[in-house]
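User: Please take one part of this structure and describe it closely for a reader who has not met it before. Which residues surround that part, and how are they placed?

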Amino acid sequence: MSTVIAIWGIVSIASAIIAGIVAGAKRRDHSFWAAWSFLVPPMLLILLLMPSNKGPRQRRPGLDELEQREV
């Protein structure tokens, strides 16, 4: 049983690293895809099948920008 857990951990870490790199190359949110690929490694396959974004890279607004919008 411990070998299964160790193998799952190695696969999860490798999947998260690869997903972060691939998501960056495809102009997608690398933190989102790395986190989900760590939790559910088959998400990497979904990312690989998705087409690349053509426009500018999406970015999340910072905390300061969110506070200015609420006021």
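Analyst: A residue is called buried at under 20% relative accessible area, exposed at over 50%, and partly exposed in between, with a 1.4 Å probe and protein chains only. The model is predicted: local features need pLDDT of at least 70 and side-chain atom pairs count only at pLDDT 80 or more, while totals for chains, interfaces and linings use all residues. Residues are numbered from 1 along each chain as its sequence is written, and side-chain values use heavy atoms, with hydrogens and water left out.

The part chosen here is Trp 33 and its surroundings. The structure holds one aromatic pair, where rings of Phe, Tyr and Trp (its six-membered ring) pair if their centres lie within 6.5 Å, and planes under 30 degrees apart are stacked, over 60 edge-to-face and the rest tilted. Its members are Phe 32 and Trp 33, whose ring centres are 5.4 Å apart. With 90° between the planes, the arrangement of Phe 32 and Trp 33 is edge-to-face. The two partners fall into separate burial classes: Trp 33 has 9% relative accessibility and therefore counts as buried, whereas Phe 32 has 35% and so counts as partly exposed.

Trp 33 also belongs to the largest nonpolar core, a core being a set of buried Ala, Val, Leu, Ile, Met, Phe, Trp, Tyr and Cys residues joined through side-chain atoms within 4.5 Å. This core has seven residues in all: besides Trp 33, it takes in Ala 19, Val 22, Ala 23, Met 43, Leu 44 and Leu 47. At least two of the core residues are supplied by helix 1, and at least two by helix 3 (43-49); helices are DSSP runs (H or I, at least four residues), numbered from the N terminus.

Leu 44, one of the core residues, shows what else lies around this region. Apart from its neighbours within four places in sequence, Leu 44 is in contact (heavy atoms within 4.5 Å) with Ser 15, Ile 18, Ala 19 and Ser 37. Of these partners, Ala 19 is itself a member of the core.

A second view of Trp 33 comes from Gly 20, a residue of helix 1. The two are 13 residues apart in sequence, yet their C-alpha atoms are 6.3 Å apart in space. When neighbours within four places in sequence are left aside, the contacts of Gly 20 are with His 30 and Ala 34.

On the side of helix 3, Ile 46 offers another reference point. Ile 46 likewise stands 13 residues from Trp 33 along the chain, and here the C-alpha separation is 9.9 Å. Ile 46 counts as partly exposed because its relative accessibility is 44%.

The chain between helix 1 and helix 2 forms a loop, and Arg 27 lies in it. Although Arg 27 is not a glycine, it has a positive phi of about 60°. Its relative accessibility is 36%, so Arg 27 counts as partly exposed.

Two further residues widen the view beyond this part. Val 11 is also found in helix 1, and it counts as partly exposed because its relative accessibility is 40%. From Val 11 to Leu 63 the distance is 33 Å, C-alpha to C-alpha, over 52 residues of sequence. Glu 65 is found in helix 4, which covers residues 63-70. Glu 65 has a relative accessible area of 29% and is therefore partly exposed. Between the C-alpha atoms of Glu 65 and Gly 55, 10 residues apart along the chain, there are 22 Å.
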